[in-house]
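Hello,

Here is the structure I promised to pass on to you. Please have a look at it, and then read on for what turned up in it.

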Amino acid sequence: MVLENLQTILKDQPSYRLKQAQEAIFKILVSDWSQATNLPKNLQEKLNQEMPLALRARTKESRDGRSIKASLKLKDGLEIETVLMSYDSRHTVCVSSQVGCPVGCEFCLTGQMGFKRNLTAEEILDQILFFARILKEKGERVSNVVFMGMGEPFLNMDEVLKAINIINDPLGLNIGARSISVSTVGIIEGIKKLADFSLQINLAVSLQAPNDGLRSKLVPLNKKYPIKDIFKALEEYIAKTNRKAMIEYVMIVGVNDRIELAEQLAVLIKSLPKPLCMVNLICCNPTGKFKPSSKKQMEDFQKVLLENKVEAVIRESLGQDIYGACGQLASN
Ligand code: SAH
Ligand code: SF4
């Protein structure tokens with residue numbers, strides 16, 4: 001799998017040039033073709049004209065130094081946001097798959113900004129390359145990629161899968177399938193397609209509520225894809241892939257954090273024949289009227305799940321101060 005336009009530009013060149021050009025992009029991590037000293041000068045110039053690699057971005061670093069948010073300018077002037085989260089030598093890039101999001105979840109800033117357009121596979125890769133180039137200067141590399149930035153990846157399935165193939169390709173970014181995760185609001189067709197996809201990447205489903213009444217209020221798309229149908233698709237996914245799936249649950253004070261809802265959630269998860277599902281409790285990052293549950297409430301909620309033998313963790317939130325945390329990405 002290679003970048004299609006690179007293939008077109010190099011069609012009259014000997015075939016090894018394509019490999020060299022890919023090496024320059026993904027291994028040497030050049031931001032200008034003149035740095036690709038493995039290619040002849042005239043080809044460097046042609047590539048600089050037809051496929052420039054420089055990326056335009058503004059960055060903001062969080063106070064604790066563990067996350068950097070980049071606002072990348074696209075060719076048509078639109079902007080997307082992408083975040084690097086670092087923990088020791090683990091560097092995770094959270095990528096966007098769309099400019100905005102058409103789903104419109106109430107608690108999510110991206111959802112509130114509306115939908116502009118889908119990203120191309122190259123625009124998705126650029127977000128990772130941007131941070132890979134910075135990390136290379138420190139002798140480090142991107143170790144994980146999560147599709148949890150702006151947009152709903154399964155509403156842009158073809159470009160997302162194309163990008164994932166290149167992220168994983170040894171001639172591309174060479175990141176293991178198990179280090180790549182996609183988060184969906186629960187698009188059934190996407191879950192089915194992923195079950196048949198050649199790579200064993202990780203799947204996360206953003207549930208947010210264990211019953212349709214409450215979920216429909218928070219996630220408008222629940223009317224089209226109700227919980228029962230999502231769980232049926234998950235059951236098939238788990239049966240086919242034998243992989244764990246993650247359920248994401250953003251905890252909003254007074255909205256979905258009652259203990260009885262934890263009990264409902266446990267019942268739901270245990271209804272899967274093979275309960276290969278774990279729950280990730282996410283502290284709601286403040287956006288408008290939605291406020292986070294207290295730490296104590298999150299722990300009590302988690303305790304109920306654990307008592308019911310449902311694996312559950314509380315996800316630490318990074319980058320709130322730079323509006324780079326989950327649900328806080330929006331271009332302005
Ligand atoms: N559209 C996909 C992926 C992008 S959203 C999805 O919804 O899964 C990535 C994650 O951010 C989701 O798990 C979502 O639940 C979470 N999120 C959205 N708004 C949030 C908020 N205000 N606080 C914390 N997490 C939020
Ligand atoms: Fe879109 Fe996900 Fe935000 Fe919902 S939570 S609006 S699906 S990005």
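E10 and E11 run parallel to each other and are joined over seven bridges. One of the pairs links Tyr249 to Leu281, its bridge partner in E11. This is a predicted model, so please read everything here in that light.

The sheet as a whole is open and has ten strands, in the order E1-E2-E3-E4-E7-E8-E9-E10-E11-E12, with mixed pairing. At its edges are strand E1 (57-61) and strand E12 (312-315), each of which pairs on one side only. From one strand to the next, the twist averages 20 degrees.

Those paired strands also lead to ligand 1: strand E10 (245-251) and strand E11 (277-283), together with strand E8 (180-184), each supply at least two residues of the shell around it. There are 21 residues around ligand 1, and Phe107, Ser183, Ser206, Gln208 and Asn285 come nearest. By class, this shell has ten nonpolar, nine polar and two charged residues.

Some polar contacts are worth finding on your screen. Ser183 places a polar side-chain atom 2.6 Å from an oxygen atom of ligand 1, and Ser206 also has a polar side-chain atom 2.6 Å from an oxygen atom of this ligand. At Asn285 it is a polar backbone atom that lies 2.8 Å from a nitrogen atom of ligand 1. On its own, ligand 1 has 530 Å² of accessible area, and the protein covers 96% of that.

Then there is ligand 2, surrounded by Cys101, Val103, Gly104, Cys105, Cys108, Gly111, Gly151 and Val185. Its shell has five nonpolar and three polar residues, and no charged ones.

Enjoy exploring!

How values were computed. Residues are numbered from 1 along each chain as its sequence is written. Chains are lettered from A and ligands numbered from 1 in the order in which they are written. This is a predicted model: local features need pLDDT of at least 70, side-chain atom pairs count only at pLDDT 80 or more; totals for chains, interfaces and linings use all residues. Side-chain values use heavy atoms; hydrogens and water are left out. A residue is near a molecule or strand if one of its heavy atoms lies within 4 Å of it. A polar contact is a pair of N or O atoms within 3.5 Å; within protein, one must be able to donate a hydrogen and the other to accept it, and residues adjacent in sequence count only if both atoms are side-chain atoms. Accessible areas come from the Shrake-Rupley method with a 1.4 Å probe; for residues, only the protein chains shown count as cover. Helices (H or I, at least four residues) and strands (E, at least two) are DSSP runs, numbered from the N terminus. Ala, Val, Leu, Ile, Met, Phe, Trp, Tyr, Cys and Pro count as nonpolar, Asp, Glu, Lys and Arg as charged, and the others, Gly among them, as polar. Two strands pair if DSSP finds at least two bridges between them. Axes are lines fitted to C-alpha atoms, for helices over the stretch in contact, and angles run from 0 to 180 degrees between N-to-C directions.
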